[in-house]
Amino acid sequence: MGSFQVLTTAGARMQQDQFPSTHATQIIELLASGAAGQSKVRSDVMARYHAALTIYARGSSLAHVMDADELVNTFFATRLSREDFFEHWRASGLRLRKWLINGLHFCAREQHRMQRQQHRRWRSIADSPENDLAVSADASNAAERAFDHARATHILAHCADVIRASFALRDQPQAWECFRRHHVDGASYRVIAAERGLTVRALNSMVRAVTAELRSAVRAELLREGITEDELDQELNHIEEALRP
């Protein structure tokens, strides 16, 4: 999926009633619903963030601790299974992506301590959870950018698959292909209209319809992640920035 700027354009802000407040609390409701809901949240987080966290681990100072895949798997196994993991996340006020990066650093320090318990400096750091933010702030900027890019790509690709399938089910596959040619391939409306035998006006209407549905899908996906409606535009800007070459 190429990077295209369709998420936050002038005048494109969605009406609040299209995203009722219950959507923003979906993850909280799942966590409060019992074991099944908590299991779903854990599965969703692992599916969404495994690749991004692995890329981050490979490009940051964590790479010397252990294999990136092994570190992320260890982090998921030892942290996400804790009943209070997401409770502490909610209390922290941090975005989920930042909370996970902080947790990965803490997990790496713990693994390092287990490997070299005689090293007093690492032991004291690993035993001090309040130092999580300070350590994560020293992480490689390049690694964090790689993480953000992988996360944004995952979200956009997932939503694109949903919207592509939706238009196919409505017997409108051409709408998605026109959108893709314009926003991914960079083809002009005039070129696409000539290829498809459409007027520029009809093409513009078609592409705008796909754009609106994709933007809506991305916003809904972020709300399911726990982003509030007030934070949506800021988060969308962050995603667009992460997708830029």
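## Helix 9, its partners and a pocket

Helix 9 and helix 10 are oblique to each other, because their axes pack at an angle of about 140°. The structure you are looking at is a predicted model, so please read what follows in that light. Helix 9 also packs against helix 12 and crosses helix 6, and it helps to line the second largest pocket.

**Helix 9 with helix 10**

- Helix 10 covers residues 173-183, and its axis lies 7 Å from that of helix 9.
- The two helices, 9 and 10, make a right-handed crossing.
- On the helix 9 side the contact involves Ala160, Ile163, Arg164 and Phe167, which meet Pro173, Ala175 and Trp176 of helix 10.
- Sorted by class, this contact holds six nonpolar residues and one charged residue, with no polar ones.

**Helix 9 with helix 12**

- Helix 9 spans residues 141-169 and helix 12 spans residues 200-225; their axes are 9 Å apart, at an angle of about 130°.
- That angle makes helix 9 oblique to helix 12.
- Here too you will find a right-handed crossing, as helix 9 passes helix 12.
- Helix 9 brings Arg151, Ile155, Leu156, His158, Cys159, Ala160, Ile163, Ser166 and Phe167 to this contact.
- Helix 12 answers with Ala209, Val210, Glu213, Leu214, Ala217, Val218, Glu221, Leu222 and Glu225.
- The classes in the contact of helix 9 with helix 12 come to twelve nonpolar, two polar and four charged residues.

**Helix 9 with helix 6**

- Helix 6 runs over residues 96-115, and its axis comes within 12 Å of the axis of helix 9, crossing at roughly 130°.
- Helix 6 and helix 9 are therefore oblique to each other.
- The crossing of helix 6 past helix 9 is right-handed.
- Arg97, Lys98 and Ile101 of helix 6 touch Glu144, Phe147, Asp148 and Arg151 of helix 9.
- Five charged and two nonpolar residues make up the contact of helix 6 with helix 9, and no polar residue takes part.

**The second largest pocket**

- If you are thinking about volumes, the second largest pocket holds about 280 Å³ of space.
- Its lining counts 15 residues, and those nearest the centre of the pocket are Asp44, Val45, Arg48, Glu221 and Arg224.
- Four helices each give at least two residues to the lining of this pocket: helix 2 (26-32), helix 3 (35-59), helix 9 and helix 12.
- Helix 3 provides the largest share of that lining, with six residues.
- By class, the lining of the second largest pocket splits into six nonpolar, three polar and six charged residues.
- Glu221 is worth a look in the viewer: this residue of helix 12 belongs to the contact with helix 9, and Glu221 is also among the residues nearest the centre of the second largest pocket.

Methods. Residues are numbered from 1 along each chain as its sequence is written. This is a predicted model: local features need pLDDT of at least 70, side-chain atom pairs count only at pLDDT 80 or more; totals for chains, interfaces and linings use all residues. Side-chain values use heavy atoms; hydrogens and water are left out. Axes are lines fitted to C-alpha atoms, for helices over the stretch in contact, and angles run from 0 to 180 degrees between N-to-C directions. Angles under 35 degrees count as roughly parallel, over 145 as roughly antiparallel, 65 to 115 as roughly perpendicular and the rest as oblique. A crossing is left-handed if the near helix is turned anticlockwise from the far one by less than a right angle, and right-handed if clockwise. Contact means heavy atoms within 4.5 Å. Ala, Val, Leu, Ile, Met, Phe, Trp, Tyr, Cys and Pro count as nonpolar, Asp, Glu, Lys and Arg as charged, and the others, Gly among them, as polar. On a 1 Å grid over the protein atoms alone, a cavity is a set of points where a 1.4 Å probe fits but cannot get out, and a pocket is an open set with protein on both sides within 12 Å along at least five of seven lines; lining residues have an atom within 4 Å of a point. Grid points are joined across faces, edges and corners, and a volume is the space filled by probe spheres set on the points.
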